[in-house]
Amino acid sequence: MSSTDPRYYDFDAAFAERQPIPFRLLGREWELPATCDAGVILRTQRLMLMVAKMEADPDAEELPEDFVVDDDLSFEKMCRDMVGDETVDAWLAYEWTDTSGRARVGIPYDMLMAVTQRLYALYSGTDPDQAPAPKAKPGKRPQDRKRKASARRK
């Protein structure tokens, strides 16, 4: 195919135009790459699908056989893959004082969730201002569910 073919699209040129993602957090300016590894988004979507399945059937006792539980699904691993080790380490070293005057270390959880949700939306091509807020629903926690005997575990 060539550029004269109406079906032709130059992805390289389109992606070359993307700009880094700038933002302010914890009193500092940050800049992240315009994209992240596809694995981060794919693992996150897989996890979201599993959560949706569990919400649809909160009494289910077993996880699907094809659902692999491993460190790649840890929130920290996904954050590090999305923004880099250096950035996560800086966020975890952030020192602040809570409303009772107690000294704390590490980005507050609600801030981390807000940042990662927005970045996930930007990286996955979703409008970050339209991204739904997470909803807490009662039900069994994933770790309380039994795994099928043949389910894989890494």
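Is Arg43 buried or exposed? Arg43 is buried, with a relative accessible area of 18%. This is a predicted model of a protein chain with five helices and six strands. Buried residues account for 28% of the 154 residues in the chain. The points below cover the overall layout, the nonpolar core, helix α3, Thr116, the salt bridges, and some local features of backbone and surface.

**Overall layout**

- Read from the N terminus, the elements follow the order α-β-β-α-β-α-α-β-β-α-β.
- Of the contacts between residues at least 6 apart in sequence, 58% join residues at least 24 apart.
- The accessible surface of the protein chain comes to about 11000 Å², and carbon and sulfur atoms supply 53% of that area.

**Nonpolar core**

- The largest nonpolar core contains 20 residues. Those with the most contacts inside this core are Phe23, Leu25, Met82, Val83, Trp91, Leu119 and Tyr123.
- At least two residues of this core come from each of β1 (21-25), β2 (28-32), α2, α3, α4 (85-93) and α5.
- Helix α5 gives the most to the core, with five residues.
- Leu25 shows what one core residue touches: apart from residues up to four places away in sequence, Leu25 is in contact with Trp30, Trp91, Ile107, Met111 and Val115.

**Helix α3 and its end**

- The buried residues of α3 are Met78, Cys79, Arg80, Met82 and Val83.
- These buried residues pack against β2, α2, α4 and α5.
- Just after α3, Gly84 has a positive phi of about 100°.

**Thr116 in helix α5**

- Thr116 sits in helix α5, which spans residues 109-124.
- Thr116 counts as buried, because its relative accessibility is 6% and the cut-off for buried is under 20%.
- A polar atom of the Thr116 side chain lies 3.2 Å from the backbone oxygen of Met113.
- Leaving aside neighbours within four places in sequence, Thr116 is in contact with Phe75, Cys79 and Met82. Of these contacts, Cys79 and Met82 are also listed among the buried residues of α3.

**Salt bridges**

- The model has eight salt bridges.
- Arg43 forms one of them with Asp81, and the closest N and O atoms are 2.5 Å apart. Arg43 lies in helix α2 (residues 38-56) and Asp81 in helix α3 (residues 75-83), so this pair ties together parts that are 38 residues apart in sequence.
- The two partners differ in exposure class: Arg43 is buried at 18% relative accessible area, whereas Asp81 is partly exposed at 24%.
- Asp89 and Arg80 also meet through their side chains in a salt bridge, at 2.8 Å from N to O. Asp89 is partly exposed, with 39% relative accessibility, while Arg80 is buried, with 19%.
- The pair of Asp89 and Arg80 is part of a wider arrangement: Glu76, Arg80, Asp85 and Asp89 are linked in a network of salt bridges.
- Asp5 and Arg7 form a further salt bridge, with 3.1 Å from N to O. Asp5 is buried, with a relative accessible area of 16%, and Arg7 is exposed, with a relative accessible area of 65%.

**Loop between β1 and β2**

- Leu26 is found in the loop between β1 and β2.
- Leu26 has a positive phi of about 60° although this residue is not a glycine.
- Leu26 counts as buried, because its relative accessibility is 16% and buried means under 20%.

**Nonpolar surface patch**

- Which residues form a nonpolar patch on the surface? They are Tyr9, Phe11 and Phe15, with about 360 Å² of accessible area together.
- Tyr9 is located in the segment before α1 (11-16).

Notes: Residues are numbered from 1 along each chain as its sequence is written. This is a predicted model: local features need pLDDT of at least 70, side-chain atom pairs count only at pLDDT 80 or more; totals for chains, interfaces and linings use all residues. Side-chain values use heavy atoms; hydrogens and water are left out. A salt bridge is a side-chain nitrogen of Lys or Arg within 4 Å of a carboxyl oxygen of Asp or Glu. Buried means under 20% relative accessible area, exposed over 50%, partly exposed in between (1.4 Å probe, protein chains only). Helices (H or I, at least four residues) and strands (E, at least two) are DSSP runs, numbered from the N terminus. A polar contact is a pair of N or O atoms within 3.5 Å; within protein, one must be able to donate a hydrogen and the other to accept it, and residues adjacent in sequence count only if both atoms are side-chain atoms. Contact means heavy atoms within 4.5 Å. Patches are made of residues with over 30% relative accessible area and no salt bridge: like charges are joined within 9 Å, nonpolar side chains (Val, Leu, Ile, Met, Phe, Trp, Tyr) within 5 Å. Accessible areas come from the Shrake-Rupley method with a 1.4 Å probe; for residues, only the protein chains shown count as cover. A nonpolar core is a set of buried Ala, Val, Leu, Ile, Met, Phe, Trp, Tyr and Cys residues joined through side-chain atoms within 4.5 Å.
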